[in-house]
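Please open the model in a viewer and keep the selection tool at hand. The tour below proceeds from one selection to the next and describes what is found at each stop.

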Amino acid sequence: MSTPLILRTGGEVDAQQVLAAIGEPTRFRIVVLLADGPRTVGELTSALGALQPQTTKHVQALEAAGVIRVQRLGRRRLASLDRAALRQLAGWIDRLAESTEDDRALDAYAAAVASAEQEATDGDGASVDFTLVRRLPASRSDVWHAWTDPLVAARWWAPRHFTVVGCAIEPTRGARVELILREGDGAEYTSAGTVREVEAQSRLAFELSPLDAEGRVLFPVEVDVRLEDGDGHADAGAVEGAVDGAVDGETTMTVTVRATTTEVSAAPMLAGLEPGWSQQVERLAGALEA
C-alpha cells in the first residue's frame, strides 16, 4: 500500500510526514494538548515548560506537516489540530489494520504447526489426512491435461507466493513425479515420488514427498486425485445421484492427501500441506477459468 496524500487547506501532505512529525516527543505532547481544543503558542509554551522559540519551531514543524493549523486573530496566534487531515490518516491506518487472506492463512498455519509439533513431541507422530473437493469449470479431459502436462501444471502447482521452477509428471505407473518450488527470498523446496495408480481422465494417485538437501525423503506424502463429470460420476453417461447444480462441461475434482511424521523438525512442513494444497486447488480453478 503506497503512502497516501492527505488533503488539507493550503496543500497536500503524506502519512509518512505526519507520522514523523507526531513521533517527536515534544510535538506529540503538543498534539495531545491541542486535542482538547485550540491554544495560543504562549499557552503551549507554559504547558510544556519550554522556551517560546523552541515551542514555535515545533508548532511550525507540525503546521508544515499538516497536523495543525495556526491562525492569527489580531495579536494572538491560535494553534488547532487539523481534524480533517487526522481523520484521513486514521482511515489509512484502519485500512492497514484490516486482515487479509494471507494474514488468516498465516494464523491458521501457525496453529497447525503448534498442533503438529505437540503431536510429534508426544511420541505418537503427527499426521494429516484431508480431502479437498472442487467443482471446476472445465471438462475432465481439460482437467486431466492440467494435471499431467508439466508445462500446464507449472502454471498453477504452487501455493501463493511460490513459483514453480521444476515440474515433472506423466500419467504412467511408476513414472517419476517431481516438483521444485521457489520462495520469494530464493529458497527452493523439492518434493518427489512416483505415480502409483492411473485411470485415464479419472484417477491419478502418486507420492510427492518433501526431500532434504541430500535428496532424502523427510516424510512420505500420498496424493490421490479423482475426476468425475459434473454430474458426480466418472462415466459421462451416468446421471443417477447427480451433483446438485452440476452443469455440462464441469468436473468434480477430489484431492485426498495423507502424510505422517515422527520428526518434530518436520512438523511445520507437515502442517503446511493442507493450506498449501488448498491454495493450489484454487489456483488450478483460476487457471481453468482463464
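Select R176 and E178 to begin: in this predicted model, their side chains meet in a salt bridge with an N to O distance of 3.2 Å. R176 is partly exposed, with a relative accessible area of 48%, and E178 is likewise classed as partly exposed, at 24%.

Next, select R160 and D102. Their closest N and O atoms are 2.8 Å apart, and the two residues form a salt bridge. This pair links distant parts of the chain, for R160 sits in the loop between α8 and β7 while D102 belongs to helix α6 (residues 101–121), 58 residues apart. R160 is partly exposed, with a relative accessible area of 33%; D102 is partly exposed as well, with 25%.

Further charged contacts may be displayed in turn. The side chains of R216 and D212 meet at 3.1 Å, N to O, and D212 counts as partly exposed at 22% relative accessibility. Selecting R203, D224 and R226 together shows a network of salt bridges. The model contains twelve salt bridges in total.

Return to the loop between α8 (150–153) and β7 (162–168) and select H161. This residue has a positive phi of about 75°, although it is not a glycine. Is H161 buried or exposed? Its relative accessible area is 55%, and H161 is therefore classed as exposed, the cut-off being over 50%.

A second non-glycine residue with positive phi is Q201, at about 60°. Select it in the loop between β9 (188–199) and β10 (203–207). Q201 is partly exposed, with a relative accessible area of 33%.

Now turn to the aromatic side chains and select W147 and W277. Their rings are stacked, with 6.2 Å centre to centre and 15° between the planes. Which parts of the chain does this pair tie together? W147 lies in helix α7 (residues 140–148) and W277 in helix α10 (residues 273–289), so the contact joins parts that are 130 residues apart in sequence. W147 counts as buried at 2% relative accessibility, and W277 counts as buried at 6%. Extend the selection to W156, W157 and F206: ring pairs link these residues with W147 and W277 into a cluster. The model holds eight aromatic pairs.

The next stop is a set of strands. Select β4 (residues 68–73) together with β5, and an antiparallel pairing over six bridges appears. Within this pairing, R69 has S80 in β5 as its bridge partner. The hairpin of β4 and β5 has two residues between the strands, and G74 takes a positive phi near 70° there. Add β3 (residues 39–40), which runs antiparallel to β5 (residues 76–81) and is joined to that strand by two bridges. Here T40 has L78 in β5 as its bridge partner.

Finally, switch to a surface representation and select L19, I93 and L96. These residues make a nonpolar surface patch of about 250 Å². I93 is found in helix α5 (residues 83–97) and is partly exposed, with a relative accessible area of 38%.

How values were computed. Residues numbered from 1 in each chain as written. Predicted model: local features only at pLDDT ≥ 70, side-chain atom pairs only at ≥ 80, totals over all residues. Heavy atoms only, no water. Phe/Tyr/Trp six-rings, centres within 6.5 Å; stacked < 30°, edge-to-face > 60°. Helix = DSSP H or I, 4+ residues; strand = E, 2+ residues; numbered from the N terminus. Buried < 20%, exposed > 50% of the residue type's maximum accessible area, 1.4 Å probe, protein only. Pairing = 2+ DSSP bridges. Patch = residues over 30% accessible without salt bridge, like charges linked within 9 Å, V, L, I, M, F, W, Y side chains within 5 Å. Areas by Shrake-Rupley, 256 points an atom, 1.4 Å probe, with all protein chains shown as cover. Salt bridge = Lys/Arg side-chain N within 4 Å of Asp/Glu carboxyl O.
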